[in-house]
Amino acid sequence: MEHLDVLIVGAGLSGIGAAYRLQTQSPQRSYAVLEAREDLGGTWDLFRYPGIRSDSDMFTLGFPFHPWKAAKAIADGPSILEYLHETAAAYGIDEKIRYGRKVLAASWSTADALWTVQTERESYTCNFLYVCSGYYDYDSGYVVDFPGLASYEGRVVHPQHWPADLDYTGRRVVVIGSGATAVTLVPAMADRAEHVTMLQRSPSYIASRPAHDVVSDRLRAILPERLAHHVIRGKNVAFSSLVYSAFRRWPAPAARFLNKAAARELPPSIPAEPHFVPRYKPWDQRLCLVPDADLFKAFRGGSASIVTDEIETFTPDGIRLRSGEHLQADVVVTATGLQMVALGKIALTVDGRPVAVNETFVYRGMMLSGVPNLAWCIGYTNNSWTLRSDLTSQYVCRLLNHMSRTGTRVCLPEIPAEEYAKPARPVVDLTSGYIRRAAALLPRQGTTGPWRLRQNYPRDLVALRFGKLTNPDLHFS
């Protein structure tokens, strides 16, 4: 059985970033990256639906140590996947990835101070386990059992498993959903389809922004590459953080601003109410981003339309709605959301006792109460994923180096009884449907101190990169 100091699970954005930080900030440690799929990229290798793109700018979604060089700030999926391959190859990370290794279980032995990690092929031991597989279920998306679906004679596809043989040219398409996937699919498919209808039960907040960042382009033209990258990254972090804080503090004016902005982009045939006036506050759910107003352009051009209604039943040639309207459809795309999982569905045990992950609390947004020598890398919901994941990886390296300096082999977070007794919140604190469905599966967060997961990059930057590692709630032995 092969032994490594650190095992990283997942070769997506988080795993590649973790590998870089480990080999540069804690280079004396051996490591490998275990990837369930046959290629790196994670989400960007899995999702192949039309129009797949980033939902935040690539100067912050990209790595701080490997600047994004392409022209578009909002990039398409293939470009992001190419960037990840380039990054992994540039730093030799690709040589550390073991493909086709889906991690099934991990068991901790206090007597040996080791994890035994079981994959579908073989087992490993390691001193520290770093799970960088995110929180989406790659096996299946969220599928709704719609009434009458069996009677439908057209094609039904889910974006997570997009069929390579699907030709929707000149066909009538209905996209069910109102989230980020739906607003991406509609304009992308409208170029070839006869017509695309976006069918939503309730609207989401949608904001348009340029795919090209003019200010960033000018900065890159006059500044050295790395300096320009850091300036642009700082600018974008500051702007997004300020906007998020303002929207959360003044939700009513923020809602009016977003609603009016959407209304200005719509053709006269599509009223803002009820299609673009959500019932929730801004950032109770993630804001949907459309680059260069492409969704609104499809509406104005007549190649796409929107319907806000509920499905009564599928019919052989389409969908009948509660209002009585019937939508003709040759292809139905169920952009109904994702399934969330904790730690890639790895079965954890500590000294023979199964770990109920949903009963644990996250320490510093990454370690689980009562679970030694393990970290779980997740990103922000209100900002680029990589901003948080990179801070987590740097903290893990600091933690490992601290253990080497102090001669300790085990770090164990333990939540105090008084914090445990307080009302807990889900680790991802939004009201989106896919998050509510997973609330009973995911770890929880507390209310104060290191047990609260803040959506605040500047504060996390100070705490995770420069704050004290020692804490009464983190025990070393």
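**Exercise 1.** Which residues form one aromatic cluster with Trp68?

*Solution.* Start with the ground rules: this is a predicted model, where local features need pLDDT of at least 70, side-chain atom pairs count only at pLDDT 80 or more, and totals for chains, interfaces and linings use all residues. Residues are numbered from 1 along each chain as its sequence is written, and side-chain values use heavy atoms, with hydrogens and water left out. Now the cluster: Trp68 is joined by Tyr20, Phe63, Phe65, Tyr83 and Tyr91.

**Exercise 2.** Describe the pair Trp68 and Tyr83, and work out why it ties together separate parts of the sequence.

*Solution.* Rings of Phe, Tyr and Trp (its six-membered ring) pair if their centres lie within 6.5 Å; planes under 30 degrees apart are stacked, over 60 edge-to-face, and the rest tilted. There are 19 aromatic pairs in the structure. Trp68 and Tyr83 make an edge-to-face one, with 5.2 Å between centres and 75° between planes. Trp68 sits in the loop between helix H3 (58-61) and helix H4 (77-90), while Tyr83 is in helix H4, so the pair links parts 15 residues apart in sequence. (Helices are DSSP runs of H or I, at least four residues, numbered from the N terminus.)

**Exercise 3.** Are Trp68 and Tyr83 buried or exposed?

*Solution.* Buried means under 20% relative accessible area, exposed over 50%, partly exposed in between (1.4 Å probe, protein chains only). Trp68 has 4% relative accessibility, so it's buried. Tyr83 also comes in at 4%, so Tyr83 is buried.

Technical notes: Helix = DSSP H or I, 4+ residues; strand = E, 2+ residues; numbered from the N terminus.
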